[in-house]
Amino acid sequence: MHRQGMREWVVPCFVVASVWVRWCIGLGSYSGQSTPPMFGDYEAQRHWMELTIHLPTRQWYTYDLQYWGLDYPPLTAYVSWLCGIVGAWINPAWFALDKSRGIETSGSKLYMRSTVLAFDVLVYIPAVILFTRAWHSNRSLRSQNLALITLLLQPALLLIDFGHFQYNSVMLGFTLLALNCFAKGRDLLGAFFFVLSLGFKQMALYYAPAIGSYLVGKCIYLGRQDGLRLFIRLAVVTSLSFVVLFLPWLPPFAPLSAILDPITRIFPFNRGLFEDKVANFWCASNVIFKWRTWLSRGALVRLSTVLTALGFLPGAATLILGGVKTQVQPEERTKGGSPAPILRLLPYALLTSSMSFFLFSFQVHEKTILLPLLPVTLLLSGASPDSGPFAWCALVNNVAVFSMWPLLKKDGLGIQYIATTVMWNRFIGYKPFQIRDRTFVQFLSVAVYASFLFLHFLEMILTPPVRYPDLFPVLNVLVSTPVFVLIWLWSIKCGLQVLWALGGLGSGASSRHRRNSTLSPITEQPGNVDGLPEDSRPVQMGGIGRDSGRRTTSFSVGQAHHRHPSKESASSGVGQNL
Amino acid sequence: MSSPTLLRSRFHDHGEKRTEDITEEDNVAESKAEPKTSTWLNMDVSVAEWDIFILSTCLKLLLFPAYHSTDFEVHRNWLAITHSLPLSKWYYDTTSKWTLDYPPFFAYFEKVLSIPAYFIDKRIVDLNNLDYDAWSVVAYQRTTVILTELVLGAAVLRFIRGARDPALQRIISASLFLHPGFLIVDHIHFQYNGFMFGILLWSIYMARQGDKLSSGFLFAVLLNFKHIYMYLAPAYFIYLLRSFCMSPQGEVLPRNFLSLANIVIAVFVVSVGPFILMGQLPQLLSRLFPFTRGLNHAYWAPNAWALVTAADRVLLQIVKRIGLNVSLNASGITSTSRGLVGDTVFAVLPNIKPIHTFAITLLFQTIFLIKLWRTPTYKSFLAGLTLCGYTSFMFGWHVHEKAILLVLVPLSLLACESYPYFRTFTIASVAGVFSLFPLLFTPPEIFVEVIYSTLWATLVFVPLNRRMYEFPRSLPGVIVDLLEKVYLAGFPILQIVVTAIPILGSRTSRSQQAAVAGTCVAGNFSCPEPYPAPLNGSSGSSSLDFLPLMLTSVYCAVGLVWAFLRLSWIYLKHD
């Protein structure tokens, strides 16, 4: 397209094409279609629209909880209310209280599908476009557009939102907007967007350790005076946003006890350890070790909380340590408008934290893999196609789609599963079965893909034995979980490497970052989200730096930016003191 | 931006391009959706072409659950007929109302398709299992459409190799393979046009390569698949007769003539022979050519008759208003208000009989064929072929709107000849594709076709226009250019109007209903959907159903008639 002189048409065409693909996925069936009496997620979302427009706010979290009671935070409720109002204006029968339960007319489906598309177009797509411009600002337009299509057509999200039926792209879009704001140095606005994300779906809490640590790290980086000021502002903005979101359940609009209604609905600790078959630590180890017979629920909750905290700790710690190490000297005060150097740690920390929640926390759904997938895809969009990060992230994306196969199969989305996955892999130029550099990740990928194909083949020709009806979902879990554990470890490793490159250098550090922080975000921006190899290039480094450089190459992370980072660091005069 | 950044970005671009070039076909193996990879590997298919092929296949897969028309059941029924009945009963069976009315090759084709169908799901080929649309048969039939469309893909690929300007031809070829017409008619509505046009394009390709015997053979085969291609037959006849059976000086070459005649006769013998032997020829012909239909189809195909019919409606209104003393045809006043299949009777204008349409078509075709006879070159053949089909579409009796593909496909091949051709192609394609929109009337699919066509138009017209554009040189040229642009700009507005009318109509009709029926609407799930289905809708006022169709038809007819005149002018005057 670039060659045909269509440069300015690329983004509009990508957006329109991705909208078209989204819509076409929506032609298929949705979760719980024609399965009375409870139906599925589609009915849940529709039911919330129905109840929010007919009931006073106080009853939203208490009305007939047995039938898909509202259990998402208030922003979802407000959005449902808006959709319900508009929908009822078009056709009141779609959202008649109680009477519309399980409605499955084509008009109602059309309307529901278009609400998902509308919010996706309003939130997620602009967020993605801004992301490619803010985070990849030092890349060519071509790579920015490649990053755009990578994010726009990510199959897992498309299948869940537009096939299965949910509004995850809104939550992810708000988080992405927050990240864009951080990259532009607008931390307060970023914090606000993140609160919106949390207020839309509590699952965004998976990111909270990373985002919180980033903001704390940034405060530390800014030094005592500026840092404290930023910290107070952040605290005020965040708590005010929360208060506004929950206003209808707070005094003077309601008695103080009313706030417990939404809170208890949003955090259900009285459910099981995991639902269905989910590719996380608990479900996978459950094959051998029957957790639920050995430990009480209380103990399990405590154990999972501890493990989760241990899991995200490295990510949070790198950010805070990074903030300490890169702290600006009091005499070198910077403008608040630029991001901290630790920004490049953020995607890894997000991945570490969300993946540790996915792997270890209580009550995880298979769909929740979408949360770790966001940072994975962000990293992917910044990596060049023959690099290690690219191979890792593409692998995880494909594994994630595969891990949701039992769900998609149940929803009748098989053909969409094949089509979107093949299309996305082709678009990003990924070659699943190629071993070029003989690195670990390539062998791993081939092995994993081969087992996918084998499992799909088996599932086609065999019916599972009566004793093990869940044979294939369990096998699926056993293949997927190790990959997720590995990417979690990989993210920790990468985070440590970036941290090492940032500040593990003794006296050189402060002079370096003094210079950095005055550079405009365009030149110094960690456009390369997989930023570490930039600074850990062996050629430029002496002493300790060389060590880390060698290590990165041996982990095959380094190939990505062999060429241009050296140019960057050499020409901007940053690299020498590494 | 500072120079290091620039340098870096160049570097990066370079790196990406390199890796892209290395991209190989091996990852195709991962998907089960990809057919025929191994046999295609040794053909010279470039990476970009693989990309287009794989991506478009994925898009088509996504359309599996989309709406399908009664043609889907028609073809399923034919699978059942050819599978469960002996040859002698194929053209007699009336179990379903969708009787077999395509020529024998298509019946053989269905017979071949019915064999795997039997192993996939026995109920597909059960003759009495009418209106069967389980997932198995949907997936199977849709897959056969995608697979047989590879004939089209292969043909357009061949056109790129050895083209005068491969870069332009690549865009044209891609535009044909991804044509919204095929997406709408084949992959949603359901037919096998991609396959048929693939054969046609192979035949045209053979003509381009100078292998006229193969060209004639393939066209004869095509005729025995679907007889609508008879629209194009006169051009083939003249071209092959003049350029293959006669020397440039005008002497008859008996050897060539006989070999062509033999090969064509052989094709027909293989096709119709068995039925002649069984003495079923009259039955076969009566199935293929049912002369019991009206001038216009349910939805007027956007041709000259659509304009005439519309003029008659307008005149009728005028006559009614002013109260002129003109003898009105009583049956014409009520006719065409709903536009169901049936005879169109004019109220004011004199009625059209089949013989009239036949005469006009023949007259126009003769003009073009004389030109073709005088200049029997490949390019002239292409233009003559297009115009031959175009004339039939413009003036034929009971033309279906899908027949516009007969014009658009050969016209696409002409598009890169010169700017006037390209401009004609643009107008005809936009109007022609738009005129196909009413084939789909369910809202989700309307969205699909509109967005897809817009995207296709952008990706085809913008780069071609950039390469081909010529500034109009004379004052009339400037005016015509401006008018054409205004006309094209009218399509988005028309789409909005056409979408808005049924929505507004249904809202008012519902509010009337609600007023009558009181509160029962709210609790009733089966209350009418906001978009009445125009063609088989039962609710609402019929004029509101028909108005959007009429608007579309007339507006598209204006463009298509203009493109027809334009093309005739270019062909007769300039070449």
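A polar contact is a pair of N or O atoms within 3.5 Å; within protein, one must be able to donate a hydrogen and the other to accept it, and residues adjacent in sequence count only if both atoms are side-chain atoms. The views show a predicted model, in which local features need pLDDT of at least 70 and side-chain atom pairs pLDDT 80 or more, whereas totals for chains, interfaces and linings use all residues. Residues are numbered from 1 along each chain as its sequence is written, chains are lettered from A and ligands numbered from 1 in the order in which they are written, and side-chain values use heavy atoms, without hydrogens and water.

**View 1. Helix α15 of chain B and its ends.** Helices are DSSP runs (H or I, at least four residues), numbered from the N terminus. Helix α15(B) covers residues 304-322, and its 19 residues reach 27 Å from the first C-alpha to the last, close to the 27 Å expected (1.5 Å times one less than the number of residues). At the N-terminal end, B:Asn303 acts as the cap, with a side-chain oxygen 3.1 Å from the backbone nitrogen of B:Trp305. Just after the helix, B:Gly323 has a positive phi of about 75 degrees. Buried residues (under 20% relative accessible area, 1.4 Å probe, protein chains only; exposed is over 50%, partly exposed in between) of α15(B) include B:Trp305, B:Asp312, B:Arg313 and B:Leu316.

**View 2. A nonpolar surface patch on chain A.** The patch of about 670 Å² is made by A:Val216, A:Leu228, A:Phe231, A:Ile232, A:Val236, A:Leu240, A:Ile320 and A:Val324. Two or more residues come from each of α10 (224-245) and α14 (297-325) of chain A; α10(A) gives the largest share, 5 residues. Patch residues have over 30% relative accessible area and no salt bridge; nonpolar side chains (Val, Leu, Ile, Met, Phe, Trp, Tyr) are joined within 5 Å, and like charges within 9 Å. A salt bridge is a side-chain nitrogen of Lys or Arg within 4 Å of a carboxyl oxygen of Asp or Glu. Accessible areas come from the Shrake-Rupley method with a 1.4 Å probe, and for residues only the protein chains shown count as cover.

**View 3. Backbone geometry in loops of chains A and B.** Most residues other than glycine have a negative phi, and most peptide bonds are trans. A cis peptide bond, with omega about 5 degrees, joins A:Pro36 and A:Pro37. The loop between α1 and α2 of chain A holds A:Ser34, whose phi is positive, about 45 degrees. In chain B, B:Asp131 has a positive phi near 55 degrees and is exposed, at 57% relative accessible area.
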